[in-house]
There are 2 protein chains.
Amino acid sequence: MKELKSFLGGRWVAGGGTPHTLLNPATEEPLARTTAGAADLGAALAFARDVGGPALRALSFAERGALLKSIAGALQSSRDELLELAIANGGNTRSDAKFDVDGAIGTLLEYSEIGNALGSRKFLLDGEGIQLGRSARFHGQHIAVPRHGVAVHVNAFNFPAWGFAEKAAVALLAGVPVLSKPATSSAMVAHRIMEILAEKKILPEGALSLLVGSPGELVSLLGAQDVLAFTGSGDTGARIRSARNVIEFSVRINVEADSLNAAVLGADVEPRSDMYELFLKDVVRDMTQKAGQKCTAIRRILVPKDVIDEVKSDLIELLATVKVGNPADEDVRMGPLATASQLADACEGVTRLGGRLAFGSTERNSEKGFFMSPVLVESPGDAVHEHEVFGPVASLLPYDENPASLVVRGNGGLVSSIYSEDQAFIEQLVMDIAPHHGRVFLGHPKIELSPGPGTVLPQLVHGGPGRAGGGEELGGPRGLAFYMQRVALEGSRPVIQKLIG
Amino acid sequence: MKELKSFLGGRWVAGGGTPHTLLNPATEEPLARTTAGAADLGAALAFARDVGGPALRALSFAERGALLKSIAGALQSSRDELLELAIANGGNTRSDAKFDVDGAIGTLLEYSEIGNALGSRKFLLDGEGIQLGRSARFHGQHIAVPRHGVAVHVNAFNFPAWGFAEKAAVALLAGVPVLSKPATSSAMVAHRIMEILAEKKILPEGALSLLVGSPGELVSLLGAQDVLAFTGSGDTGARIRSARNVIEFSVRINVEADSLNAAVLGADVEPRSDMYELFLKDVVRDMTQKAGQKCTAIRRILVPKDVIDEVKSDLIELLATVKVGNPADEDVRMGPLATASQLADACEGVTRLGGRLAFGSTERNSEKGFFMSPVLVESPGDAVHEHEVFGPVASLLPYDENPASLVVRGNGGLVSSIYSEDQAFIEQLVMDIAPHHGRVFLGHPKIELSPGPGTVLPQLVHGGPGRAGGGEELGGPRGLAFYMQRVALEGSRPVIQKLIG
């Protein structure tokens with residue numbers, strides 16, 4: 001059985017932590033094990049800060065961008081192998097696995113291009129120079145410089161490739177070394193990526209580390225120049241943010257947590273119209289892709305009350321065609337959940353939602369594997385606005401006049417979507433719900449190959465206020481700000497102009 | 001004796017809290033008292049959110065900017081009265097009081113102009129539109145919309161006018177109602193400002209509230225759409241950030257806390273040169289203005305070791321000319337500290353710094369009033385990099401080759417300053433210390449009326465990483481981001497273009 005080590009301080013190290021066995025969630029077959037996690041994390045962080053940081057800061061944005069292109073190239077050459085690992089260790093269908101791995105490659109390439117566009121600079125200019133006094137000599141200029149710490153990335157189990165890449169691409173481009181910690185249960189993909197990159201020596205020493213297994217005291221070792229980006233449950237996010245040193249040293253934290261993403265069907269949309277069909281397609285994709293284990297998946301389906309029966313029967317018909325099973329079989333459209341505990345949480349979550357099951361059930365109908373069927377809930381209780389069920393589960397909710405008041409009961413989300421061609425309705429709803437979201441998706445049937453609301457694009461910000469964690473990632477060059485310090489230079493204009501070059 | 005009430009829910013209310021008497025810190029004469037603080041804060045916040053928020057959001061940036069201009073005008077008409085209150089209640093010299101009140105007016109006018117420039121929009125466009133697919137139809141656009149909550153501002157005692165205005169100007173311009181809580185001991189200026197604004201009905205109902213006295217459970221009442229900006233001690237900042245609801249609902253918090261601002265004299269600077277004299281002048285101003293009670297004041301004076309004796313004797317000579325006393329007397333250049341407890345903390349802090357007193361003492365030499373002399377410490381212990389003494393106190397430190405390694409021991413600061421004409425030295429030092437600061441001030445004798453590093457300008461960001469709280473305020477339009485939600489609109493290009501107007 002493969003033994004997964006951590007890559008820390010520039011070498012592979014086994015830990016002395018509690019052993020953990022990684023499974024194939026479709027068959028429960030053991031695939032790998034790790035005892036990592038109890039390594040000398042202080043030394044690993046210091047190595048990243050002291051060796052990786054200066055090496056990255058010595059490079060221009062274009063040079064850092066070229067590194068990202070090399071990473072993307074390395075993943076591309078090993079794409080088939082990574083897809084197989086994602087199918088085996090992640091319960092992914094081949095399509096799910098491509099969504100993860102190709103998303104990783106695309107994000108790396110997008111940030112490589114941003115680096116290229118930023119060119120030979122090593123820090124960013126932030127806005128124009130500002131005349132501060134009556135004479136032009138007294139001058140101000142904001143710049144953004146790489147922080148002198150390490151970027152710790154704590155990733156969720158659902159996107160081992162994309163989660164690694166979307167965070168690492170931005171930090172490395174900003175000039176900050178990365179210590180990435182994948183979720184243990186699905187760590188094989190991220191671990192293999194690290195192996196490939198270490199073997200090819202694509203990055204400067206210390207620029208990238210990987211911690212497999214328990215994070216131990218990792219959070220408590222972070223200081224004022226470090227940053228931590230976390231994707232996962234709100235509870236863990238809260239624990240990280242409560243850490244004494246995080247509060248005392250103002251360690252910068254970005255959290256992407258729970259989100260009760262809504263999809264709203266406008267009252268103007270006729271059943272059977274292209275917009276209606278798009279809406280159904282996006283809902284079903286979000287419920288079943290990655291077995292619903294996407295932080296951006298539609299959880300609340302809001303439809304005008306007079307069409308709710310029609311929508312329900314159409315969704316039931318579509319969900320019935322989704323074949324659930326071992327994703328190694330090519331005709332399977334939805335695999336298992338990632339772990340036994342994810343399955344237990346999802347089933348328990350369905351019970352918490354209340355209401356009735358219009359489709360699917362939480363009964364176990366296979367001896368092995370963490371399978372559940374897609375579940376469509378109708379008439380759920382208030383928990384539908386409070387509890388995210390992280391699986392192939394969504395709830396159908398009727399609205400009367402004002403869907404906004406229901407949408408915002410989610411108390412902050414990553415994305416909600418609107419399917420309508422009534423411009424006035426769209427504008428009002430966008431203004432009402434925008435403050436509560438990081439992204440609003442406006443479905444339109446004329447957009448070819450629309451990825452739907454569930455796909456995170458590197459060009460747009462990803463994150464959301466409130467329950468969603470209050471974070472923000474990606475958004476093209478916007479994502480760099482998290483890893484950099486904005487500082488105002490104030491003084492004599494010729495001195496500052498020479499300084500910024 | 002004047003009774004200070006709170007202005008909450010659109011009316012003046014007395015509280016049932018513990019009574020507190022406000023003093024003249026030069027004479028200890030009682031000036032006012034307040035029992036406010038135990039009002040129904042939940043209702044006050046709801047009024048701001050439900051009445052003030054929609055009223056502000058209905059206005060354009062230009063209209064909100066016009067409100068700021070009216071506030072500035074109202075303060076200007078009452079300037080003399082406000083200066084007198086600052087002198088009496090704040091221990092300010094007339095010059096200190098002008099620094100506070102004129103700073104407030106200037107900041108309001110600066111943000112009024114920003115509003116004017118932003119024009120008839122009610123929300124901001126954030127960057128250009130982005131083509132997301134192969135066809136131009138699939139489109140993205142980031143916008144920033146006002147949050148639907150209330151902005152709670154918890155201000156420090158040292159700048160009752162400026163502290164109120166620099167925070168309120170930005171929030172109101174963003175379209176977010178404000179509940180401002182001045183420090184109780186010096187609340188008379190902020191209270192009078194609120195009286196003037198309420199009397200003239202300058203703002204829409206609910207747009208501005210004032211809480212005098214203890215904040216009670218205020219922090220625990222904030223939710224996902226609210227924000228809190230705090231200026232004060234690191235300990236209180238940590239308490240706010242640890243609050244359960246703040247963590248659970250990702251309440252946005254901005255903290256400006258402790259800062260061990262350094263001033264570095266370059267080895268190229270000849271004693272008696274213009275640059276040298278500017279350096280001395282800035283150090284002495286920062287030590288004595290507002291009796292050193294400025295978060296941006298120079299605390300660590302770094303000079304090349306071969307000139308330290310010369311610098312020390314020059315500083316001693318200048319400090320000896322500073323007359324300390326009741327600021328109501330016109331020839332007094334430095335007033336008392338704000339309160340008895342500030343005085344006790346400052347004296348205790350001097351002891352903590354260790355080393356020797358090159359100038360001044362912590363002995364009490366007046367029967368009444370919270371006076372202390374300016375204190376110049378030499379050969380301090382390591383505490384100089386860890387403990388901010390919030391009074392007229394600075395420490396002299398020699399450096400050998402690399403001042404950066406000393407500067408960054410402050411572990412994050414608001415501003416540090418460099419006095420040198422050696423461009424290579426400046427550039428290296430800026431790059432080394434920039435990640436640890438919100439602002440770097442480059443002293444230059446040819447800048448007329450240079451305000452020195454201790455003055456916060458509305459055009460430049462104010463805040464700093466680590467010990468300084470990890471926050472950021474002002475910076476012209478940059479400051480608006482804290483009060484707004486950035487959201488990506490994703491969909492059909494014509495729909496989005498119509499939506500953004």
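**Burial, rings and symmetry in a predicted two-chain model**

Author: In this predicted model, the charged end of B:Arg121 sits over the ring of B:Phe123, 5.9 Å from its centre.

Reader: What makes B:Arg121 count as sitting over the ring of B:Phe123?

Author: A charge counts when it is within 6 Å of the ring centre and within 35 degrees of the ring normal. B:Arg121 is placed 5.9 Å from the centre of the B:Phe123 ring, so the distance criterion of 6 Å is met. B:Lys290 is placed likewise over the face of B:Phe159, at 4.5 Å from the ring centre.

Reader: Which residues are linked into a cluster by ring pairs?

Author: The cluster holds A:Phe99, A:Phe159 and A:Trp162. Rings pair if their centres lie within 6.5 Å, and over all chains the count comes to 14 aromatic pairs.

Reader: Why is A:Cys295 called buried or exposed?

Author: Buried means under 20% relative accessible area. A:Cys295 has 12%, and is therefore buried. B:Cys347, at 16% relative accessibility, also counts as buried.

Reader: How many disulfides are there over all chains?

Author: The count is zero. A disulfide would require a pair of cysteine sulfur atoms within 2.5 Å.

Reader: Why is B:Ser395 called buried or exposed, and where does it lie?

Author: B:Ser395 lies in strand 17 (residues 393-399) of chain B. Its relative accessible area is 1%; the limit is under 20%, so the residue is buried. Leaving aside residues up to four places away in sequence, B:Ser395 touches B:Arg299, B:Arg300, B:Ile301, B:Leu353, B:Val377, B:Pro380 and B:Val384.

Reader: How do you know what span helix 6 of chain A should have?

Author: Helix 6 covers residues 188-200, and at 1.5 Å a residue its 13 residues should span 18 Å. The end C-alpha atoms are 18 Å apart, so expectation and model agree. Eleven of the 13 residues are buried, and the helix is thus mostly covered. Among the buried residues are A:Met188, A:Ile193 and A:Leu197. Just after the helix, A:Lys201 takes a positive phi of about 45°.

Reader: What makes the relation between chain A and chain B a rotation, and of what kind?

Author: Chain A is superposed on chain B by a rotation of 180° with 0.0 Å of shift along its axis, at an RMSD of 0.0 Å. The two copies are thus related as by a two-fold rotation axis. The same surface serves both copies, since 100% of the contact residues of chain A recur in chain B.

Reader: Which residue of chain A comes closest to the rotation axis?

Author: That residue is A:Ser242, whose C-alpha is at 3.0 Å from the axis.

Note on methods. Residues are numbered from 1 along each chain as its sequence is written. Chains are lettered from A and ligands numbered from 1 in the order in which they are written. This is a predicted model: local features need pLDDT of at least 70, side-chain atom pairs count only at pLDDT 80 or more; totals for chains, interfaces and linings use all residues. Side-chain values use heavy atoms; hydrogens and water are left out. Helices (H or I, at least four residues) and strands (E, at least two) are DSSP runs, numbered from the N terminus. The expected span of a helix is 1.5 Å times one less than its number of residues. Buried means under 20% relative accessible area, exposed over 50%, partly exposed in between (1.4 Å probe, protein chains only). Rings of Phe, Tyr and Trp (its six-membered ring) pair if their centres lie within 6.5 Å; planes under 30 degrees apart count as stacked, over 60 as edge-to-face and the rest as tilted. Copies are superposed by least squares on the C-alpha atoms of residues with pLDDT of at least 70 in both. Contact means heavy atoms within 4.5 Å.
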